[in-house]
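Work through the following exercises with the sequence and the model side by side, and try each task before reading its solution.

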2 protein chains.
Amino acid sequence: MEISREQFLQKLPEVEKAIKECDFMAIDTELSGLHRPPTSVRLYNMVDRYQEYKEATERFLIIQFGLCTFTWDEPSGRYTAKPFNFYIFPTSTTGQIQANRVFMTQAQAFDFLTKQGFDFNKWVYQGIPYLTIEEENEFVAAASKKMNDDMPDIPIDDKEVQFVNNARQKITDWINAEKTDEVDGVNITAKNAYQRRLIYQETRKFDGLTAIGMKGFIRVVKLSEKQALDRATEKKKRFEKDRDAAIGFRKVIDLISQSGKTIVGHNMLLDMCHLIGQFIQPLPETLAEFKALAHRLFPKMADTKYMCTAEPELSTFFGADTALESLAFETRKEQFKNPQIDMHSGFSRYLTEMAHEAGYDAYMTGFVYLKLVSYLYKTRSPDKYAAIEAQILAEQEVREREKEKQRQPKVDADGWEISDSEDDQAANESNWDLDEEEVYNYGSIRVDLENRHGSMDNIFSSIINKTALVRTAFDCFDFAGPEVISNQSNTILVKYSDGTAFDKATAEFLFSKHGKFIIEPNDTSSSFVVFENLRDNPLDIILDNKEFTVVPIAHYLEKFNKSLL
Amino acid sequence: MEISREQFLQKLPEVEKAIKECDFMAIDTELSGLHRPPTSVRLYNMVDRYQEYKEATERFLIIQFGLCTFTWDEPSGRYTAKPFNFYIFPTSTTGQIQANRVFMTQAQAFDFLTKQGFDFNKWVYQGIPYLTIEEENEFVAAASKKMNDDMPDIPIDDKEVQFVNNARQKITDWINAEKTDEVDGVNITAKNAYQRRLIYQETRKFDGLTAIGMKGFIRVVKLSEKQALDRATEKKKRFEKDRDAAIGFRKVIDLISQSGKTIVGHNMLLDMCHLIGQFIQPLPETLAEFKALAHRLFPKMADTKYMCTAEPELSTFFGADTALESLAFETRKEQFKNPQIDMHSGFSRYLTEMAHEAGYDAYMTGFVYLKLVSYLYKTRSPDKYAAIEAQILAEQEVREREKEKQRQPKVDADGWEISDSEDDQAANESNWDLDEEEVYNYGSIRVDLENRHGSMDNIFSSIINKTALVRTAFDCFDFAGPEVISNQSNTILVKYSDGTAFDKATAEFLFSKHGKFIIEPNDTSSSFVVFENLRDNPLDIILDNKEFTVVPIAHYLEKFNKSLL
């Protein structure tokens, strides 16, 4: 379902319903540009990588957002997907907002989008705007001031002194005349916003008068108590509508966050950076603050790309090609037939494939996620899985038999079918109505996404809140804690006494002869040194320096893993 | 005429013809954003203003360019307009160019463009790319290297060592077999650009072998001398086509510049900054360098907005509303009937109005320019103008009479019309053919744009190379020299002895009590101080400081103007 700027507030309840009812949801974004252009640098340390992503969120925009909810439908025994596609554009023409947003575009990113048929007119003409929380607060404060006529006076330009004097005279004349006449107000023509503002501020100086903006003029009136109250109520309503329109797409992000449900992405770190930076608040200075913020907002994340590289059963199956489209293709095969996933009948946009539209990519991501989790469960707990499968099949058989029974025509003693219309109707109303007829229970197995039976512990615990991340010392980015180093042939641990400065210069002095490297701090008395392309055997790296000791990574890990037991 | 990316090279000759034949041309641009957002600052000094514009050209892009040529058509006695509209997008998908352009967009600018129905899909999908001169040089250098197989070797990744060894073996096997076999080459499958590059560099190591890139593989062959020559020729042709496609829209700017003809704009300073900065070269550091560069590239410019504010006859007529659309509306009136301007028959796009499309705005600008110049001439030299008008009318009458004569049916001695078909045909072929019938000579007067008769001196000399400029000390920006201060009530001249530091701090100390101001240097011993909103009488500003003297601006100007005589 594609939701345009015009329909947004009207369709929001449908989005809200989908988020509230779902088991989990998947997201995807299209961006106006990626992070820095490719360089020859092969490895980044985590702090630099975060700075790069943070910078990207300050420059580039999410221009399309895909959200797909997945909900288990018990009667049909399958998941139902509701994919939403939103174009996002920071227009200033909605909700009286004065925001003046400037953003960057990478021509290559737009070139890429043309290959997917991206509609740039829909983006600019129909994209949904948004305010971050702070922008909303500013908007509300400014609007309240305006609503309560609490604006500071602005100076009157020399050119406008005569205009203001004339207006003041006109108001005074009317006040004096009013005592005898029955005229209920006076109109003052204003040519531009500046003149309008001047009239408002002059009117304030008269007790009990209200200035009402009309097209091309301002009407100055004396309102009764009831009129004033009605006007205040109407103003407040308009303000609330303006505010909602201005908050715009952030409302969807708020709903996702408030749900506390699992969010699935594919290679989702950059998506999450943009999502938070664009719609919630500018990204914090440090990586640690970012992790804390992201985890608080979205406590459960799962990354299908990370799963396919980190889980041995999956990496064996998929190999190096973990592109989303490849995973979606592979998981349509027989091994992944459970669970069944259908598009909700009201969401027909993606009945034909539309790869790289954010809504469709979100759908594919959630689809793949369900298949992967189920596959892992089946592989790791084949007995339990078989038992559930058998039970489901048995239940299904029972249901089928019951249905069959009811489907038998009722016959009278002589064997004639009873065609009494009342009976037919009763049957229609009970178990034999059209809806149920249409829903054929495939008997697919619900994935225990809440780990209610504890059976998914060995799956979720290793994937939750970890996302794919390449060209760093680590195999993943961990939203919920520090990343763990893996046994790589290009990595050593350097130990030193607490408080020793082990900075880039020191490291260069010690290790530059072995090639380019990055440093990742481990604890106060050790750091990892990860080489871009280490040709020497790491065991051969020995220092004739008493301050620093090299520990082979395998030795360190052995000890580290033992300490976890 | 709208010219898309696909048609660009094909339609370029038509653009070239229009530029070469025309009397002058007008331009207009649409931008992805304007300069800094509006502030409360009311005045800028010229150096700051230039820096602001320079910054804008580094951030924002021309996304649509309008060019309209105007050519006097003697037979019909009127000007013919050819308006071209180009969408401009720095795509990287044309001409093998690897440019990775990042640019900024101001959401408000796009909002503004939606009101004019701007087609953002045409912009991204069909916008014409471009290279600056320096980018072209880089492109040519890189392409030459590639063409001459003069690429530096790249290191072979550990992962690809086997791949390279296999390829080398395959080539060697084929060389050995070739002596006996008749196979003329060997195919090596390459999965990606990196593998392809490796095959090229391996092939180079074999004498007399050539690697030819095919879809999915590389073919390694031994070419005969003729084959090698053909291949080189073909490569060169392809390179030239790629280069032309990559230079793209700059070609049009080059043609405009090379023509040396007058370029007319409306409030054109920002347009010229973008045009030079985007298509020719980044804007130079200083204002003086910019003026020199712009003047060298485009020696004759005229600005319709400036004309309407600076020429008394025009400012009286048009008043404060110098918006392009207003001028176009006003100049359709009777007073401006000369000269007649028609759209060329091949350019039908703007037969209905399309205000704010760059091509149409360029047309309006040139239209207004012709009308204004002609109006000034008529007003300032009524006798000369009347004489030309009379002459034109007389000539027209003569032509009409001649035509009428030919239109008289030939009659024989008895008064019978000769209906000999041969005679009819002869008439058709001479003066009476359809083309001439359609062209009705309105007898409008050609504007002496080249000032051939010296009659336009008093018009062009005051407007040439000056453009409108607000919120500065001066009434205009002058491409060809220093701006001249005008007699404004908010301005004083401060004199000091040569070498005295008259900087912002000193000025603040002396003048801050009179309000906000800017400084414009005049010569080595004086500066103008221009107040934003001076309430005091400038004659009352007196300093009890021996180092600095205040000279009323009127006194200075009196002396200055005398010195010019």
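**Exercise 1. Find which residues of helix 11 of chain B are exposed and which are buried, and explain how they are arranged.**

Solution. Start with B:A288 and B:R296, which are exposed on one side of helix 11 of chain B, where exposed means over 50% relative accessible area, buried under 20% and partly exposed in between, with a 1.4 Å probe and protein chains only. Helices (H or I, at least four residues) and strands (E, at least two) are DSSP runs numbered from the N terminus. The model is predicted, so local features need pLDDT of at least 70 and side-chain atom pairs count only at pLDDT 80 or more, whereas totals for chains, interfaces and linings use all residues. Residues are numbered from 1 along each chain as its sequence is written, chains are lettered from A and ligands numbered from 1 in the order in which they are written, and side-chain values use heavy atoms, leaving out hydrogens and water.

Next, look at the buried residues of this helix, which spans residues 287-297: they are B:L287, B:F290, B:K291, B:L293, B:A294 and B:L297. They lie on the same side of helix 11 of chain B because they cover an arc of only 170° around the axis, the arc being that of the directions from the helix axis to the C-beta atoms. An α-helix has 3.6 residues a turn, so residues three or four places apart point the same way.

Finally, the buried residues of helix 11 of chain B pack against several elements of chain B, including helix 2 (46-59), helix 9 (250-259) and strand 13 (476-478), with contact meaning heavy atoms within 4.5 Å.

**Exercise 2. Is A:S444 buried or exposed, and what does its side chain reach?**

Solution. First locate A:S444, which sits in the loop between helix 18 (434-438) and helix 19 (457-463) of chain A. A:S444 counts as buried because its relative accessibility is 5%.

Then follow the side chain of A:S444, which has a polar atom 2.6 Å from the backbone oxygen of A:G77 and reaches the backbone nitrogen of A:Q340 at 3.0 Å. Leaving aside neighbours within four places in sequence, A:S444 is also in contact with other residues, among them A:W72, A:N338 and A:I392.

**Exercise 3. How many residues of each chain are in contact across the interface of chain A and chain B?**

Solution. Count both sides: 37 residues of chain A are in contact with 37 residues of chain B. Of the area that chain A buries against chain B, A:N100, A:D111 and A:Y125 supply 18%, more than any other three residues, where buried area is the accessible area (1.4 Å probe) that two parts lose on being put together, summed over both.

Note on methods: Polar contact = N/O pair within 3.5 Å; in protein donor to acceptor, adjacent residues only side chain to side chain.
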